[in-house]
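I set out to record how a few helices pack and how one pair of side chains is placed. The entries below keep to what I looked up.

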Amino acid sequence: GRQAGISLCAVRRGEVAERRIVSRLLLADGDDRACSMTEFASHEEWLAHELQKASNRIIRRKLKGVLEFGEPPTLEVSHRMTRVAGAYFHYKEPFPVIKISVLYHRDHGMEETLRVLKHELAHWAADTFYGKQHVPQHGDAWQKFARHLDPKMTPHCLSFAFKERNGGKK
């Protein structure tokens, strides 16, 4: 079952897969202990950890039924994302992946970053529950899950990363 798939992924993907195993164990155990930034080697590691905890908490509280249909997403953060705040990938990876922009977090803080996380979780939930081939990007299925996660959810986020997109100029 599930454990074999995770172990196989760990052999193939190395460190990233190890984080996936840890994230799935966190989801199962419900470990919500607070971590200070000093426990991590970098701000990015801390942010990835906090977002994974938030994702696990949201799934446990609001999307638990979706887990019957597929694997929970793994959270990754990226400095390279300057045009989108977050992205949900389900075709490239053996497990679903949500990437969140570190620069978006820098420009808008944790509250808005959590809104982006919920947006991407709505994509995961709609794709997992209804099937990837049957879900338009921001169609009715996505909107159903998005409203369930946050009644004020919109398909778009705030602008960010102007400096990075404009060669260092504001």
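The entries that follow concern a predicted model and go from helix packing to a pair of residues.

**Entry 1: H4 and H5**

I began with helix H4, residues 102-130, and helix H5, residues 140-149. Their axes come within 8 Å and cross at roughly 130 degrees. That angle makes H4 oblique to H5. I noted the crossing of these two helices as right-handed.

I then asked which residues of H4 meet H5. On the H4 side I listed Lys118, His119, Leu121, Ala122, His123, Ala125, Ala126, Phe129 and Tyr130. On the H5 side they meet Ala141, Trp142, Lys144, Phe145, Ala146 and Leu149. Sorted by class, this contact holds eleven nonpolar, two polar and two charged residues.

**Entry 2: H3 and H4**

Next I turned to helix H3, residues 43-62, which packs against H4 at an angle of about 35 degrees. The axes of H3 and H4 are 11 Å apart. H3 passes H4 in a right-handed crossing.

From H3, the contact draws on His43, Glu44, Trp46, Leu47, Glu50, Leu51, Ala54, Ser55, Ile58 and Ile59. From H4, I recorded Val102, His105, Met110, Thr113, Leu114, Leu117, Lys118, Leu121 and Trp124. I counted these by class as twelve nonpolar, four polar and three charged residues.

I also compared the lists for H4. Lys118 and Leu121 appear in the contact with H5, and Lys118 and Leu121 appear in the contact with H3.

**Entry 3: His90**

I looked up where His90 sits, and found this residue in the loop between strand S2 (86-89) and strand S3 (97-101). Is His90 buried or exposed? Its relative accessible area is 15%, which is under the 20% cut-off, so I entered His90 as buried.

Leaving aside residues up to four places away in sequence, His90 touches Asp127 and Lys132. With Asp127 there is a polar contact between the side chains, at 3.3 Å.

**Entry 4: Asp127**

I followed that contact to its other end. Asp127 lies in helix H4. Its relative accessibility is 9%, and Asp127 therefore counts as buried.

What does Asp127 touch, not counting residues up to four places away in sequence? I found Tyr88, His90, Lys132 and Val135. Lys132 is thus listed among the contacts of His90 and among those of Asp127. I closed the entry by noting that the side chain of Asp127, in H4, makes its polar contact with the side chain of His90, in the loop between S2 and S3.

Notes:
Residues numbered from 1 in each chain as written. Predicted model: local features only at pLDDT ≥ 70, side-chain atom pairs only at ≥ 80, totals over all residues. Heavy atoms only, no water. Axes fitted to C-alpha atoms, helices over the stretch in contact; angles between N-to-C directions. Helix = DSSP H or I, 4+ residues; strand = E, 2+ residues; numbered from the N terminus. Parallel < 35°, antiparallel > 145°, perpendicular 65-115°, else oblique. Left-handed = near helix turned anticlockwise from the far one by under 90°. Contact = heavy atoms within 4.5 Å. Nonpolar A, V, L, I, M, F, W, Y, C, P; charged D, E, K, R; others polar. Buried < 20%, exposed > 50% of the residue type's maximum accessible area, 1.4 Å probe, protein only. Polar contact = N/O pair within 3.5 Å; in protein donor to acceptor, adjacent residues only side chain to side chain.
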